[in-house]
Every structure is written in C-alpha cells, then in structure tokens.
Amino acid sequence: MPHPAHAHRPHAYRLPRHPDLPLPGGPAPELRLLRTAYRRQRRVATLTALGYFTSFLLLSAFAPTFMNGSAHGGLSTGLLIGLCQLPVTGLALLLYEITARRRVDPLAHRLRRRGRDTTGGTPR
C-alpha cells in the first residue's frame, strides 16, 4: 500500500514534462542513439586523459626508481612522462572532436532536421 503522503502524487519526484518532449513511453530510438554516442565520446576522451594522469601518479608512487632514471638528455623518466601530459590531453581533445564530427554531430543534425520538418519551421 502506498504511503499516505504520496497517495495523490505517485510520481512526485519527477519534473513536469515540457510539451515538446517525446511521449513517456521512452525516448525515440534516434535520441537513444545520440545519447549513447555522446556518452561514448565523453568516456573515451575522459579516460584517455585521466588514464594517462593516473598512470603517471601510480608510477610516481610505486616505481620511484624508474621515474628517477635517466631517459634522454639528462631528463628523468618522470619528468619526460610528465611533460607528455600536455600532448596526451591534446590527443584526448582531438579524439573528442573527431568522434563528435563522425558520430554525434550527424545524429544531432538528423534529429534537428526531423524536428524542423515536423514543426514546419525553424527550431527554437
């Protein structure tokens, strides 16, 4: 039996629906595809940058001999790996941009075009 305080409002935790949102049966398949592509895009870029940084931290903590070793031209391995953090972050941004252009943007443009066609005008 529902709690008496929630008897008149079974979905009190939900925000009110906007009239332009899809029906409550679930998001349209294209929206699900867009969300999945965007989620994958964020994960790849984030895990690339954070994974590299975490590896650097773990090596610094648990392999100090390796990190203090000489790498090239008098630079320590740790310093060289640390200096590579900037290009790796740039690579993560580049991956983000590439996946956006290849996977996310076409889906978003298709949905925007479909929305424009069904409303008969320009999207808001």
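Is Leu75 buried, partly exposed or exposed? Leu75 is partly exposed, its relative accessible area being 29%. The legends below refer to a predicted model.

**Figure 1. Overview of the protein chain in the predicted model.** Four helices and two strands make up the secondary structure of the protein chain. Their order along the sequence is α-α-β-β-α-α. The protein chain has 124 residues, and 15% of them are buried. Its accessible surface comes to about 10,000 Å², with 64% belonging to carbon and sulfur atoms. Of the contacts between residues at least 6 apart in sequence, 55% join residues at least 24 apart.

**Figure 2. Close-up of Leu75 in strand β2.** Strand β2 covers residues 75-76, and Leu75 lies in it. Apart from neighbours within four places in sequence, Leu75 is in contact with Gly69, Ser70 and Leu80. Leu75 has a relative accessible area of 29% and counts as partly exposed, because this value is neither under 20%, as for a buried residue, nor over 50%, as for an exposed one.

**Figure 3. Close-up of the salt bridge between Glu97 and Arg101.** The closest N and O atoms of Glu97 and Arg101 are 3.4 Å apart. Side chains of opposite charge can pair when their charged atoms come close. Both Glu97 and Arg101 lie in helix α4, with their positions four residues apart in the numbering, about one turn of the helix. Glu97 is partly exposed at 36% relative accessibility, whereas Arg101 is exposed, with a relative accessible area of 59%. A search of the whole structure finds one salt bridge.

**Figure 4. Close-up of the positive surface patch.** The patch is formed by Arg32, Arg35, Arg39, Arg40, Arg42, Arg43, Arg102 and Arg103. Helices α1 (29-62) and α4 (85-119) each supply at least two of the patch residues. The largest share, six residues, comes from α1.

**Figure 5. Close-up of Arg42 in helix α1.** Arg42 is one of the residues that form the positive surface patch. Its relative accessible area is 36%, so Arg42 counts as partly exposed. This value also meets the requirement for patch residues, because they need over 30% relative accessible area. The helix that holds Arg42, α1, provides the largest share of the patch.

Definitions and conventions. Residues are numbered from 1 along each chain as its sequence is written. This is a predicted model: local features need pLDDT of at least 70, side-chain atom pairs count only at pLDDT 80 or more; totals for chains, interfaces and linings use all residues. Side-chain values use heavy atoms; hydrogens and water are left out. Patches are made of residues with over 30% relative accessible area and no salt bridge: like charges are joined within 9 Å, nonpolar side chains (Val, Leu, Ile, Met, Phe, Trp, Tyr) within 5 Å. Accessible areas come from the Shrake-Rupley method with a 1.4 Å probe; for residues, only the protein chains shown count as cover. A salt bridge is a side-chain nitrogen of Lys or Arg within 4 Å of a carboxyl oxygen of Asp or Glu. Lys and Arg count as positive and Asp and Glu as negative; His and the chain ends are not counted. The place of a charge is taken as NZ of Lys, CZ of Arg, CG of Asp or CD of Glu. Buried means under 20% relative accessible area, exposed over 50%, partly exposed in between (1.4 Å probe, protein chains only). Contact means heavy atoms within 4.5 Å.
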